[in-house]
Amino acid sequence: MADLWDDLESFANASSSFTAVPGERGTIKAKANFNVSEDVAALRKAIEGLGTTEKTLIEILTHRSSSQKQAISKAYQETTKRILVNDLKGDTQGKLEDVLVALARPPAVNDAKWIIEGIKGAGTDNSILIEILSSRTNKQIKELSAAYSEETKKTLIQNLKTEVSGDYGKAILLLAEGARDESTNVNANQAKEDAKALYNAGEKKLGTDESKFIEILCKRSIPHLRQTILEYKNISGKTLQKSIEKEMSGNLEELLVAIVKCAVSTPAYFAEKLYKSMKGAGTDETTLTRVMVSRGEIDMLDIRVEYKKLYQSSLYKEINSWPSGQTESLGERGKEEPKDHCG
């Protein structure tokens, strides 16, 4: 993604949607006149009949809010003595199974399971840790941590300590605490001081004081970081992203750049993730599924807008060009593209 802040005025007026309320800017919304019994009956018929009716599964799981789907899962288990997610795994397969199972699970459980996948086996998939921990609110991190403990019987912090190290490890562990300042008031003088501190810790000195970058980027509130980013450009003549890319390397660079991008515009950050997942040799369907499902109820409308701005292409049309089952399961098939969002 190109540096987002060359036009400082548009950046200052932009919404980051970091703390968007589920349902406000998503493509997956709560169903009006929701009837849990009807949905359970329809799911049972689709799963228990001769051959699974995938269309019904897709229709229900992409047109109910997360809280509605949890009510469905609870009622399904009470009625059938079976777990809906397990039945979906047994009756679907491949990438469609991955999407439907993720759509049926609570968001915190998805985040926990994605992190478990990222740190199991030989080597850690740091891109998953970075994506999730740099883009989630304190509440989301606390909830995923609780889900992680329930799943693994260990705390997220305990397990991360064995997987990450150095300055990158310190930053990841700070984010995993879910203790970022969440005040909405911005002290312009403090933001200016932080911008100076970052400049003095990087561009202005020989060598880099990584600890200062970690302290500010992992602890300060998102509104404060946005103001700090503006002040940094005024002081240094460069964007903070470019300075980090010049001064850092490896996982620490990737993490701090991700935090900055999410502070500027979380939808633009995820638009870039989607673009990269679909370009090049073969589609990274794991990343595509993770982003579409995790942001579907939060800010997918804004992601579509940013995708069009950044790549002069419609995310809706990119997704809609896929095979129908997979497309439908991502909640994009059969909807007219809103002209005021994606053109």
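A residue counts as buried when its relative accessible area is under 20%, as exposed when that value is over 50%, and as partly exposed in between, using a 1.4 Å probe and protein chains only. By that yardstick Gln312 is exposed, because its relative accessible area is 62%. We will come back to this residue, but first some ground rules for reading the model.

What you have above is a predicted model, in which local features need pLDDT of at least 70 and side-chain atom pairs count only at pLDDT 80 or more, while totals for chains, interfaces and linings use all residues. Residues are numbered from 1 along each chain as its sequence is written, and side-chain values use heavy atoms, with hydrogens and water left out.

Let us start with the whole protein. Its secondary structure comes to 21 helices and 0 strands; here helices (H or I, at least four residues) and strands (E, at least two) are DSSP runs, numbered from the N terminus. Of the 343 residues, 52% count as buried. Contact means heavy atoms within 4.5 Å, and among the contacts with a separation of 6 or more, 72% join residues 24 or more positions apart.

Helix H16 (residues 250-278) is a good place to look at packing, starting with helix H15 (residues 240-247): the two axes come within 9 Å and cross at roughly 175 degrees. That angle makes H15 roughly antiparallel to H16. Axes are lines fitted to C-alpha atoms, for helices over the stretch in contact, and angles run from 0 to 180 degrees between N-to-C directions. Angles under 35 degrees count as roughly parallel, over 145 as roughly antiparallel, 65 to 115 as roughly perpendicular and the rest as oblique. On the H15 side you will find Leu240, Gln241, Ile244 and Glu245, which meet Glu253, Leu256, Val257, Val260 and Lys261 of H16. By class, this contact of H15 with H16 has 5 nonpolar, 1 polar and 3 charged residues. For these classes, Ala, Val, Leu, Ile, Met, Phe, Trp, Tyr, Cys and Pro count as nonpolar, Asp, Glu, Lys and Arg as charged, and the others, Gly among them, as polar.

Now turn to helix H14 (residues 222-236), which packs against H16 at an angle of about 100 degrees, with the axes 9 Å apart. H14 is therefore roughly perpendicular to H16. Ile222, Leu225, Arg226 and Ile229 of H14 make the contact with Ile259, Val260, Ala263 and Val264 of H16. By class, the contact of H14 with H16 has 7 nonpolar, no polar and 1 charged residues. The spacing of such residues is worth a thought: an α-helix has 3.6 residues a turn, so residues three or four places apart point the same way.

Further along the chain is helix H18 (residues 300-311), whose 12 residues reach 16 Å from first C-alpha to last, close to the 16 Å expected at 1.5 Å a residue. The expected span is 1.5 Å times one less than the number of residues. H18 is mostly covered, with 9 of its 12 residues buried; Met300, Asp302, Arg304 and Tyr311 are among them.

Just after H18 we meet Gln312 again, in the loop between H18 and helix H19 (315-320). Phi of Gln312 is near 50 degrees, a positive value in a residue other than glycine. Most residues other than glycine have a negative phi, and most peptide bonds are trans. Lys81 likewise has a positive phi, near 65 degrees, and is found in the loop between H4 and helix H5 (84-91). With a relative accessibility of 69%, Lys81 counts as exposed.

A contrasting loop residue is Thr62, between helix H3 (54-61) and helix H4 (66-80). Thr62 is buried, at a relative accessible area of 2%. Its side chain reaches the backbone oxygen of Ile58 at 2.7 Å and makes a polar contact with the side chain of His63 at 3.0 Å. A polar contact is a pair of N or O atoms within 3.5 Å; within protein, one must be able to donate a hydrogen and the other to accept it, and residues adjacent in sequence count only if both atoms are side-chain atoms. The C-alpha atoms of Thr62 and Val293 are separated by 9.4 Å, although these residues are 231 residues apart along the chain.

Finally, visit Asn159 in helix H10 (residues 156-161). Asn159 is buried, with a relative accessible area of 16%, and touches Ile119, Tyr148, Thr152 and Lys154, not counting residues up to four places away in sequence.
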